Amino acid sequence: MTYLEKVLSRVTHPGFIILLVGGVIGFLSGPIAARLWPEKKETAGLAIKAGGCLMALVGILLLFEFI
């Protein structure tokens, strides 16, 4: 197995994909909340950020094979 194949096997791992999606959701929680719930964007943004962080944590645990 070459180095590139090893890297691609890690990048296409479901844990890495969940980690990336959770990070993007956590980072963009403000604009997501403003678009979905404009009247409650502060509280919705906090809930979306918490969900994104939790999703990233699950992705890390999957990636490091703790789950």
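These legends walk you through several close-up views of a predicted model.

**View 1. Helix α4 from end to end.**
Start with helix α4, which covers residues 41-63. Its 23 residues reach 32 Å from the first C-alpha to the last, close to the 33 Å expected at 1.5 Å a residue. Look along α4 for its buried residues: A44, G45, I48, G52, A56, G59 and L63. What lies over them? The cover for these buried residues includes α1 (3-11), α2 (14-27) and α3. A general point helps when you follow a helix by eye: an α-helix has 3.6 residues a turn, so residues three or four places apart point the same way.

**View 2. A nonpolar patch on the surface.**
Here the residues to find are L54, L57, V58, I60, F64, F66 and I67, which make a nonpolar surface patch of about 740 Å². One of them, L57, has its place in helix α4. Is L57 buried or exposed? The answer is in between: L57 has a relative accessible area of 45%, so it counts as partly exposed. While you are here, look just after α4 for E65, where the backbone takes a positive phi of about 60 degrees.

**View 3. S29 in helix α3.**
Move now to S29, a residue of helix α3, which covers residues 29-36. The relative accessibility of S29 is 4%, and because buried means under 20%, S29 counts as buried. Which residues does S29 touch, leaving aside its neighbours within four places in sequence? Its contacts are G45, I48 and K49. Two of these names may look familiar, since G45 and I48 are among the buried residues of α4. S29 also has a polar partner: a polar atom of its side chain lies 3.4 Å from the backbone oxygen of G26.

**View 4. The loop between α3 and α4.**
Two residues to pick out in this loop are W37 and P38. W37 is partly exposed, with a relative accessible area of 41%. Leaving aside neighbours within four places in sequence, W37 is in contact with A44 and I48. Both A44 and I48 are buried in α4, and I48 is also in contact with S29 from the previous view. P38 has a relative accessibility of 51%, and because exposed means over 50%, P38 counts as exposed. How far apart in space are P38 and F66, C-alpha to C-alpha? They are 38 Å apart in space and 28 residues apart in sequence. You have met F66 already, as one of the residues that make the nonpolar patch.

**View 5. T2 and E5 at the start of the chain.**
Find T2 in the segment before α1, then go on to E5 in helix α1. The backbone nitrogen of T2 and a polar atom of the E5 side chain lie 3.2 Å from each other. T2 counts as partly exposed, at 47% relative accessibility, and E5 counts as partly exposed at 44%. Two distances help you place this pair in the model. The C-alpha atoms of T2 and V21 are separated by 27 Å, with their positions 19 residues apart along the chain. E5 and E65 are 60 residues apart in sequence, and their C-alpha atoms are 19 Å apart in space. E65 is the residue with the positive phi just after α4.

Methods
Residues numbered from 1 in each chain as written. Predicted model: local features only at pLDDT ≥ 70, side-chain atom pairs only at ≥ 80, totals over all residues. Heavy atoms only, no water. Patch = residues over 30% accessible without salt bridge, like charges linked within 9 Å, V, L, I, M, F, W, Y side chains within 5 Å. Areas by Shrake-Rupley, 256 points an atom, 1.4 Å probe, with all protein chains shown as cover. Salt bridge = Lys/Arg side-chain N within 4 Å of Asp/Glu carboxyl O. Helix = DSSP H or I, 4+ residues; strand = E, 2+ residues; numbered from the N terminus. Buried < 20%, exposed > 50% of the residue type's maximum accessible area, 1.4 Å probe, protein only. Polar contact = N/O pair within 3.5 Å; in protein donor to acceptor, adjacent residues only side chain to side chain. Contact = heavy atoms within 4.5 Å. Expected span 1.5 Å × (residues − 1).
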